[in-house]
Amino acid sequence: MTDSRRWPLHGRAADAALALVVAAMVVGSGLLRFPTTFADFHLLDGLLIAAACAALLLRRRFPVPVALFTLVACGFYYPLSTFDGPLVLAFAVALFTVAAEGRTAVAAVLAVAAMLLVGYGEVGSGRRHLDNTSTYLLAGWLVAAVAIGGLVRNRRAYLREAEQRMLAAEREKDEEARRRASDERLRIARELHDVLGHHISLINVQAGAALHRLDADPGQAEPALVSIKQASKDALRDLRATLGVLRQVDEAAPTAPTPSLARIDALVEQAGVAGLAVRTELAGPVRPLPPEVDLAGYRIVQEALTNVTRHADARTACVRIRYSDHDVRVEIDDDGAGAAGRNTHRGNGIRGMEERAQALGGEFSAGQRPSGGFRVHARLPWRNAT
């Protein structure tokens with residue numbers, strides 16, 4: 001949003017064109033008003049006109065000196081010149097530039113000085129060069145030059161401010177887009193960690209059990225292999241659902257059910273196949289939850305049971321889900337001997353569960369129980385969830 005976008009000429013080229021236009025107007029106006037005065041055109045007249053107009057080339061870099069120079073040139077031109085051209089146009093342009101560059105007070109002083117100089121010249125010469133109307137018109141020109149310069153200055157300031165606001169809005173928009181992309185990558189990473197960690201842990205446990213039974217009792221290895229097959233199938237299904245956000249628009253939507261607290265029984269069954277006895281306790285009236293709350297609760301239970309299976313060396317675990325009018329609480333207890341290690345080392349799993357709870361404005365804690373074992377607790381508000 002700058003003036004250079006609207007005018008074909010700007011900078012030095014615009015100043016040179018303006019100087020030529022002012023010189024042409026000064027000479028042309030003098031010839032049109034008094035055609036016979038061209039015969040009286042002397043070298044001094046041309047030098048003063050050329051000097052005053054050429055000074056306009058520097059009006060942007062040195063606005064006040066150029067205005068003073070053109071005023072002095074006019075002071076010599078009008079008493080001494082025999083060619084009656086409106087050289088005061090050069091001073092008016094310089095005066096406008098002073099005001100447009102933010103020197104409004106200086107421009108006003110220069111305008112007053114010019115009128116005093118005109119008055120002194122009229123009185124001192126003993127001859128009237130300007131009638132009353134022309135004097136008022138000259139004063140009006142100078143006041144208009146100062147006023148228009150001030151308006152241009154204000155307009156430039158407004159455009160700069162508007163451009164800065166627009167750039168700030170664009171930067172804020174870009175930052176918001178980057179933040180959303182980062183949050184989405186973090187969400188996908190958490191989903192992948194939870195899905196793959198849970199199912200691969202079950203596959204690892206069942207594979208170990210199958211290898212252990214293979215020599216002693218090959219027939220007992222078959223259930224473990226069946227569990228491995230089912231866990232790998234579930235892992236692929238959940239992985240496709242998790243990466244569904246990366247599908248193209250024209251691809252078919254996934255048909256797998258969305259993970260939710262209503263499917264906790266499947267997690268319990270998988271943990272039981274891995275050799276962990278899990279019981280569930282529900283409190284409060286079971287109710288439908290917002291999808292993001294339901295998914296977070298499911299993933300927290302899934303990750304907690306995965307940690308029990310992999311690290312706790314536990315035999316039993318209890319999953320408690322308490323519903324209320326404003327939140328849902330999930331709590332997973334186990335009797336594992338590996339509780340101390342998990343309490344001192346907060347891996348990606350615990351951090352992921354904590355981030356899920358905090359993203360919803362909830363609370364999370366994980367640590368060793370006084371009576372032994374390990375406890376994971378999360379409170380997920382759903383009344384104000386969006």
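Here is a short conversation about two helices and a sheet in this predicted model.

Reader: Why are helix H9 and helix H11 called roughly antiparallel?

Author: Helix H9 (residues 291–312) and helix H11 (residues 348–359) pack at an angle of about 165 degrees, with their axes 10 Å apart. Angles over 145 degrees count as roughly antiparallel, and H9 and H11 are therefore roughly antiparallel to each other. Their crossing is left-handed.

Reader: Which residues make the contact between H9 and H11?

Author: On H9 they are Ala296, Arg299, Ile300, Glu303, Ala304 and Asn307, and on H11 they are Gly349, Ile350, Met353 and Arg356. Sorted by class, this contact has 5 nonpolar, 2 polar and 3 charged residues.

Reader: Happy to move on to the sheet! What makes S1 and S4 edge strands?

Author: Strand S1 (277–283) and strand S4 (363–368) each pair on one side only. The order in this open sheet of 5 strands is S1-S2-S3-S5-S4, with mixed pairing.

Reader: How do you know that S4 and S5 count as paired?

Author: Pairing takes at least two bridges between the strands. S4 and strand S5 (residues 374–381) have 6 bridges, in the antiparallel sense, so they count as paired by that definition. Within this pair, alanine 366 stands opposite valine 376 in S5.

Reader: Where do the two helices lie on the sheet?

Author: H9 packs on the sheet, touching S1, strand S2 (316–323), strand S3 (327–334) and S5, and its direction makes about 5 degrees with that of S3. H11 lies across S4 and S5, running at about 155 degrees to S4.

Definitions and conventions
Residues are numbered from 1 along each chain as its sequence is written. This is a predicted model: local features need pLDDT of at least 70, side-chain atom pairs count only at pLDDT 80 or more; totals for chains, interfaces and linings use all residues. Side-chain values use heavy atoms; hydrogens and water are left out. Axes are lines fitted to C-alpha atoms, for helices over the stretch in contact, and angles run from 0 to 180 degrees between N-to-C directions. Helices (H or I, at least four residues) and strands (E, at least two) are DSSP runs, numbered from the N terminus. Angles under 35 degrees count as roughly parallel, over 145 as roughly antiparallel, 65 to 115 as roughly perpendicular and the rest as oblique. A crossing is left-handed if the near helix is turned anticlockwise from the far one by less than a right angle, and right-handed if clockwise. Contact means heavy atoms within 4.5 Å. Ala, Val, Leu, Ile, Met, Phe, Trp, Tyr, Cys and Pro count as nonpolar, Asp, Glu, Lys and Arg as charged, and the others, Gly among them, as polar.
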